[in-house]
Amino acid sequence: MGGMVNSLFHPRHLALVPAAGSGSRMGSGTPKQYLPLLGEPLLRHTLRALCEAPAIDRVYVVLSVGDQEWDRHDWSGLGPKLRPLFNGGASRADSVLNGLRVIGDEVAADDWVLVHDAARPCLAPWHIEKLVRTLAGCDVGGLLAVPVADTLKRADARGCAVETVPRDSLWQAQTPQMFRYQMLRRALESARDVTDEASAIEAAGLHPRLVAGDPTNLKVTFPLDLHLAEWILQHRES
Ligand code: C5P
């Protein structure tokens, strides 16, 4: 796996965007990555942020096998870095692993892969720059994250608080999550039941670095999030 490419510009930074979800929590027939956001599909904002980043060499987007939407839009404006892959899986982790497998011949073992949720359209240039710069000399890799601000409660089956969980040292994980190609692929091959890449790396006994981002890099999950994302993008552009 990997190791096939001998790039002069080594290691490269490759983005991989799992976009094969159905987005059922949005309560909409359209998968959330294609919902309109400021007049274009949400996914287009996400892909634009990655395609325009000078540090990123290529952007793979993993779509579901039966994706009916991709070809209905014109993506050519995003430039030559973009590569759609129609091999999404049953879960986010499966989609990421399927993507990693299919690009195996085009990447080197120690190329960096930045896995980024399709559903995070407000990724800013400084988020990417800070992640790439902070992790440049790192053995393991890491992820954007935000320290938890709220007081946290553990609930019982009735929905009553049974415990207050100390929030010091707790972070909310975001994406991109940036790891070396071979390390990430091996970690995901052995730990399939994970909700992010960092958990797979942790299960392998390694400690991903937490790089402080900010809450504007939100994940669009519920209808309100779409309005928040719109507000964030509009205020950033003005
Ligand atoms: O549903 P959730 O918001 O956790 O999904 C996170 C990301 O994983 C989204 O970008 C979604 O499109 C992607 N995903 C995927 N394949 C799946 C499920 C989710 O690529 N089977």
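Trainee: Which residues are closest to the ligand, and how many surround it?

Mentor: The ligand is surrounded by 15 residues, and the closest are P18, A20, K32, G89 and S95; a residue is near a molecule if one of its heavy atoms lies within 4 Å of it. This is a predicted model, in which local features need pLDDT of at least 70 and side-chain atom pairs count only at pLDDT 80 or more, while totals for chains, interfaces and linings use all residues. Residues are numbered from 1 along each chain as its sequence is written, and side-chain values use heavy atoms, with hydrogens and water left out.

Trainee: What is the mix of nonpolar, polar and charged residues in that shell?

Mentor: The shell around the ligand holds 6 nonpolar, 4 polar and 5 charged residues. Here Ala, Val, Leu, Ile, Met, Phe, Trp, Tyr, Cys and Pro count as nonpolar, Asp, Glu, Lys and Arg as charged, and the others, Gly among them, as polar.

Trainee: Which helix and strand each supply at least two residues of it?

Mentor: Those are β1 (13-19) and α2 (92-102), where helices (H or I, at least four residues) and strands (E, at least two) are DSSP runs numbered from the N terminus.

Trainee: Where do the oxygen atoms of the ligand meet A20, G21 and K219?

Mentor: For A20, a backbone N or O atom lies 2.9 Å from a ligand oxygen, and for G21 a backbone N or O atom lies 3.1 Å from one. With K219 the side chain takes part, one of its N or O atoms being 3.0 Å from an oxygen atom of the ligand. Of the 470 Å² of accessible area that the ligand has on its own, the protein covers 84%; such areas come from the Shrake-Rupley method with a 1.4 Å probe, and for residues only the protein chains shown count as cover.

Trainee: Back to K32, is that one buried or exposed?

Mentor: K32 counts as buried because its relative accessibility is 11%, and buried means under 20% relative accessible area, exposed over 50%, and partly exposed in between (1.4 Å probe, protein chains only). K32 sits in the loop between β1 and β2 (36-37), and a polar atom of its side chain lies 2.8 Å from the backbone oxygen of V220.

Trainee: Switching topic, how many residues of α1 are buried?

Mentor: In helix α1 (residues 42-51), 9 of the 10 residues are buried, including L43, R44 and H45. R44 has a relative accessible area of 15%, and its side chain makes a polar contact of 3.3 Å with the side chain of E40; a polar contact is a pair of N or O atoms within 3.5 Å, and within protein one must be able to donate a hydrogen and the other to accept it, with residues adjacent in sequence counting only if both atoms are side-chain atoms.

Trainee: What else does R44 touch, leaving aside neighbours within four places in sequence?

Mentor: Beyond those neighbours, R44 is in contact (heavy atoms within 4.5 Å) with D74, W75, G77 and L78.

Trainee: And which side chains does E69 pair with?

Mentor: The E69 side chain makes polar contacts with the side chains of R72 at 2.7 Å and H73 at 2.8 Å. E69 lies in the loop between β4 (58-63) and β5 (82-85) and is buried, at 18% relative accessible area.

Trainee: What does the whole chain look like in helices and strands?

Mentor: The protein chain has 6 helices and 11 strands, and buried residues make up 50% of its 238 residues.
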